[in-house]
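Q: I would like a close look at one part of this model, explained slowly enough for someone in a first year of study. Please start from a single pairing and work outwards from there.

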Amino acid sequence: MRAFVFPGQGSQKVGMGTDLAAASAAARAVFEEVDDALGQKLSTIMAEGPDDQLTLTENAQPAIMANAIATLRVLESEFGVSLVEKGDCVAGHSLGEYTALCAVGAFSLADTARLLKLRGQAMQAAVPVGNGAMCALLGADLDKAQALADASAEGQVCQVANDNDPGQVVLSGNKGAIERAVAQVKDFGIKRGVLLPVSAPFHCGLMQPAADAMAEALKATPPGPLALPLYANVTAAPVTDPMEELGLLVQQVCGRVRWRESVLAMRAAGVEQFVELGGKVLGPMIGRTDKEAVAISVVSMEDLEALAKEIG
């Protein structure tokens, strides 16, 4: 069994998609459609930067999605490999869940771009700049991370935002609480705590205004039928019902990204191979979560060619 998976924020970089666009009309068509849907030249920011424009949440989210869908479209049109025929399920990390829904036909490309632009704007607007923060805990499992979060809160928000793999957990919340967490990692047997260069504290209770905004947006643009089951971030379980998935996307804004558990759930269901499209972030996380799992990260035309030879 095979899962196709899609990366989240942090996988963006200036120059993303340029080689694909140069090599394939299918990729160029994706970038043009996203530009048209957003009424901005996002493809230019992706190709040329500047970096501070690309890392803006409202640009990074649709850009990462566009790059992954362009990778998928090249795989399908140039190499004749169909995700629906060759895959058994899909999943995405945070915003990647929207990419996964686009990949299985639940959202159109234009709607996915608009939803992610809005999601980025709403997440940015939910908390004044400087009031929130996030940190990565390296060498921390979920139990240690939770204990540290509880001890650091002191009446503020301090939550586990991402359970990425057995040695990497991310906390999110009020800036003071996150700084306290980083300062006392050693007391909890955690190797390191690193403040993340993010513009807002994602996946915690402070994001409630953004969750409300997404509830409205998704009511107006609900997902349609899913061609394959999707493993949702907030439940780490498969979903096939579009209306159930709508509710989970709203919960996801404030909820924990249960990526490690999602990988283990897919493995338990029989998935042996994971194919990450459009990034090289999830593959290593999957490898650290389950040494027996085969994880392939696909970014370039060479990667696509090798994948097509293997699974075509």
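Which residue is the bridge partner of L277 in strand 10, and what surrounds that part of the sheet?

A: In this predicted model, the bridge partner of L277 in strand 10 is V298. A second pairing between these strands links V275 with I296, the latter again in strand 10. Strand 9, which covers residues 273-277, runs parallel to strand 10, and 5 bridges join the two.

On the subject of the sheet as a whole, strands 9 and 10 belong to an open sheet of 6 strands, whose order is 8-7-2-1-9-10 and whose pairing is mixed. The edges of this sheet are strand 8 (238-239) and strand 10 (294-298), each of which pairs on one side only. Strand 9 is also joined to strand 1 by 4 bridges, and these two strands run parallel. In that pairing, V5 stands opposite E276 of strand 9.

The side chains of strand 9 can be followed in the two directions they take: Q273, V275 and L277 point one way, while F274 and E276 point the other way, and all are buried. Strand 9 is therefore described as mostly covered, since a residue counts as buried when its relative accessible area is under 20%, and 5 of the 5 residues in the strand are buried.

Two helices that touch strand 9 can now be added to the picture. Helix 5, residues 57-79, packs on the sheet, where it touches strand 1 (2-6), strand 9 and strand 10, and its direction makes about 115° with that of strand 9. Helix 13, made of residues 259-268, lies across strand 1, strand 2, strand 7 (230-231) and strand 9, and it runs at about 170° to strand 2. Within helix 13, the buried residues are W259, R260, S262, V263 and M266. These residues lie on the same side of helix 13, because they cover an arc of only 165° around the axis. Just after helix 13 comes G270, which takes a positive phi of about 115°.

Helix 5 has a further neighbour, and a pair of this kind has its own description. Two packed helices are described by the angle between their axes and the distance between the axes. For helix 2 (residues 25-38) and helix 5, the angle is about 145° and the axes are 8 Å apart, and helix 2 passes helix 5 in a right-handed crossing. Helix 2 contributes A25, A26, A27, V30, F31, V34 and L38, which meet residues of helix 5 including P62, M65, A66, I69 and A70. The residues of this contact divide into 13 nonpolar, 2 polar and 2 charged.

Finally, two loop residues offer a contrast in exposure. S94 lies in the loop between strand 2 (89-92) and helix 7 (96-103). Its relative accessibility is 10%, so S94 counts as buried. Leaving aside residues up to four places away in sequence, S94 touches R119, H203, N233, Q252 and V257. D187, by comparison, is found in the loop between helix 10 (175-183) and strand 6 (192-195), and D187 is exposed, because its relative accessible area is 63%. D187 is 46 residues from N233 in sequence, and their C-alpha atoms are 30 Å apart in space.

Terms used:
Residues numbered from 1 in each chain as written. Predicted model: local features only at pLDDT ≥ 70, side-chain atom pairs only at ≥ 80, totals over all residues. Heavy atoms only, no water. Buried < 20%, exposed > 50% of the residue type's maximum accessible area, 1.4 Å probe, protein only. Contact = heavy atoms within 4.5 Å. Axes fitted to C-alpha atoms, helices over the stretch in contact; angles between N-to-C directions. Left-handed = near helix turned anticlockwise from the far one by under 90°. Nonpolar A, V, L, I, M, F, W, Y, C, P; charged D, E, K, R; others polar. Pairing = 2+ DSSP bridges. Arc of directions from axis to C-beta.
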